[in-house]
Amino acid sequence: MDYFRAVGGLGLGSRLKRLSDAYMGEVKQLYTEKGLDFEPRWFPLYSLLFHSGPITVTAAALELRLTHPHISTLAKELCKAGLVTLKANPDDARSRTLCLTPKGRKLAEQVQPLWGGIQRAVDDIIRETDPAFLRSLERMEQLLREKSFSQRVRGLTRAKMSGACRIVEYKPDLKAHFVNLNRQWIEKHFVMESHDRRFFANPEKEIIERGGEIIFAELGGEIIGTVALIPTGTGYELAKLAVSDKARGKGVGQLLTQEIMARAKKKGAKSLTLTTHTCLVAAVQLYKKLGFVETHRGSHSRYRRVNLVMEKVL
């Protein structure tokens, strides 16, 4: 049994490499049989120069959507083989233009019949497998340009973890989690202040009994995050959002924020405010992503660590 069939999409990169190696090896053999000293890996840059004329390394990388270092390596190999030369760029003294040499142009004429045969063979294989194969490949490349593969993996990992989390309501025996998670976060970035101590000393009186809420994110029986919805007299404030170190970057903060937003709206709130600091880049990006906008920047009357106030219309 083919192992790659068993692992499916997980082995996509290696399977494409296997297919590419087999294809390139066969093509190299065809060049050798024809007495042509040409490496298949040179094809994209060499073909671009033949069909489009002189071009800089940077422009070639953009046109082919290959990395600049990769194009530079191909250019050096083609120059060493005497097929390409570098000329000064009249428009930019810092860059040089790649051009085919007389030897390179002559070789291009010699390889044309073989390229035609390779094209027909590839077309036959595609027809026998999936006529839409190249369109699907183009679509995959487009999707990965719009959102990289690593971004997709991280996003799905966060979604899986946040989806496995359970929202837990505040109970007196969870007070220590509320205090400890927030204390760890505050002391990591700032220092404890008098308002923090007042809230942590009696969260029931300062938040719950005033019509606010405290909720937690639980995963596998462990409390990994918390946040509070605090009445302000004129509305509600999202506050005391804290996530354990091992759960950061997994979407837990977003899950808790969205839950509090929903609860504030259910209470009839027209908007929701929060305070933060511009140095907390990831947190500010999350709030902006969820629709919060800046309403004040500068010192704050209640907390020394705050220099940014944000609000979201619900």
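Visitor: How many of the 10 residues in strand β6 are buried?
Guide: This is a predicted model, so take what follows as computed from it. Strand β6 covers residues 222–231 and is mostly covered. A residue goes down as buried when its relative accessible area is under 20%. In β6, the number that pass is nine.

Visitor: Which residue in β6 is the bridge partner of Ile 214?
Guide: Strand β5, residues 213–219, pairs with β6 in the antiparallel sense, over seven bridges. The two strands form a hairpin with two residues between them, and Gly 220 in the turn has a positive phi of about 60°. Across that pairing, the β6 partner of Ile 214 is Ala 228.

Visitor: And on the β7 side, which residue takes a positive phi in the hairpin of β6 and β7?
Guide: β6 and β7 run antiparallel and are joined by six bridges. One partnership there sets Leu 229 against Leu 238 in β7. The hairpin has four residues between the strands, and the one with a positive phi, near 100°, is Gly 233.

Visitor: Which strands stand at the edges of the seven-stranded sheet?
Guide: The sheet is open, with mixed pairing, and its order is β4-β5-β6-β7-β8-β10-β9. A strand at the edge has a single partner, so one of its sides is left without a neighbour in the sheet. That description fits β4 (166–169) and β9 (293–297).

Visitor: By how much are neighbouring strands of this sheet turned against each other on average?
Guide: The seven strands sit in an open sheet. With direction ignored, the average turn between neighbours in this sheet is 30°.

Visitor: Which residue in β10 stands opposite Arg 297?
Guide: β9 pairs with β10, residues 308–313, in the antiparallel sense over four bridges. Opposite Arg 297 in β10 is Leu 308.

Visitor: Is Ser 244 buried or exposed?
Guide: Ser 244 lies in the loop between β7 (236–243) and α12 (252–266). Leaving aside residues up to four places away in sequence, Ser 244 touches Leu 181 and Ile 224. Its relative accessibility is 12%, and since the cut-off is under 20%, Ser 244 counts as buried.

Visitor: What is the order of the strands in the three-stranded sheet?
Guide: β1 and β2 stand at the edges, each with a single partner strand, so one side of each has no neighbour in the sheet. β3 pairs antiparallel with β1 over two bridges, and with β2 in the antiparallel sense over five bridges. The order of this open sheet is β1-β3-β2.

Visitor: Which residue of β3 stands opposite Val 84?
Guide: β3 is mostly covered, with four of its five residues buried. On the β1 side, Ile 55 stands opposite Leu 98 in β3. For Val 84, the residue opposite is Leu 100.

Visitor: What covers the buried residues of α3?
Guide: In helix α3, residues 43–52, the buried ones are Leu 45, Tyr 46, Ser 47, Leu 48 and Leu 49. Just after the helix, Gly 53 takes a positive phi of about 90°. The cover for those buried residues includes β1 (55–56), α4 (57–64), α5 (68–80), β2 (84–88), β3 (96–100) and α6 (102–129).

Visitor: How many disulfides are there?
Guide: A pair of cysteine sulfurs has to be within 2.5 Å to qualify. By that rule the count is zero. For Cys 79, the nearest cysteine sulfur is 9.5 Å away and belongs to Cys 99.

Visitor: Which is Cys 165, buried or exposed?
Guide: Start with Cys 79, which counts as partly exposed at 27% relative accessibility. Cys 165 has a relative accessible area of 13%, and because the limit is under 20%, Cys 165 is buried.

Visitor: What is the radius of gyration of the protein?
Guide: The secondary structure comes to 13 helices and 10 strands. For 314 residues the globule rule gives 20 Å, and the protein is well over that, so it is more spread out than a compact globule. Along the principal axes, the C-alpha trace spans about 90 × 55 × 30 Å. The radius of gyration itself is 30 Å.

Visitor: What share of the 314 residues is buried?
Guide: The accessible surface of the protein is about 19,100 Å², with 55% belonging to carbon and sulfur atoms. Buried residues make up 37%.

Technical notes: Residues are numbered from 1 along each chain as its sequence is written. This is a predicted model: local features need pLDDT of at least 70, side-chain atom pairs count only at pLDDT 80 or more; totals for chains, interfaces and linings use all residues. Side-chain values use heavy atoms; hydrogens and water are left out. Buried means under 20% relative accessible area, exposed over 50%, partly exposed in between (1.4 Å probe, protein chains only). Two strands pair if DSSP finds at least two bridges between them. Axes are lines fitted to C-alpha atoms, for helices over the stretch in contact, and angles run from 0 to 180 degrees between N-to-C directions. The radius of gyration is taken over C-alpha atoms; the globule rule is 2.2 Å times the number of residues to the power 0.38. Accessible areas come from the Shrake-Rupley method with a 1.4 Å probe; for residues, only the protein chains shown count as cover. Contact means heavy atoms within 4.5 Å.
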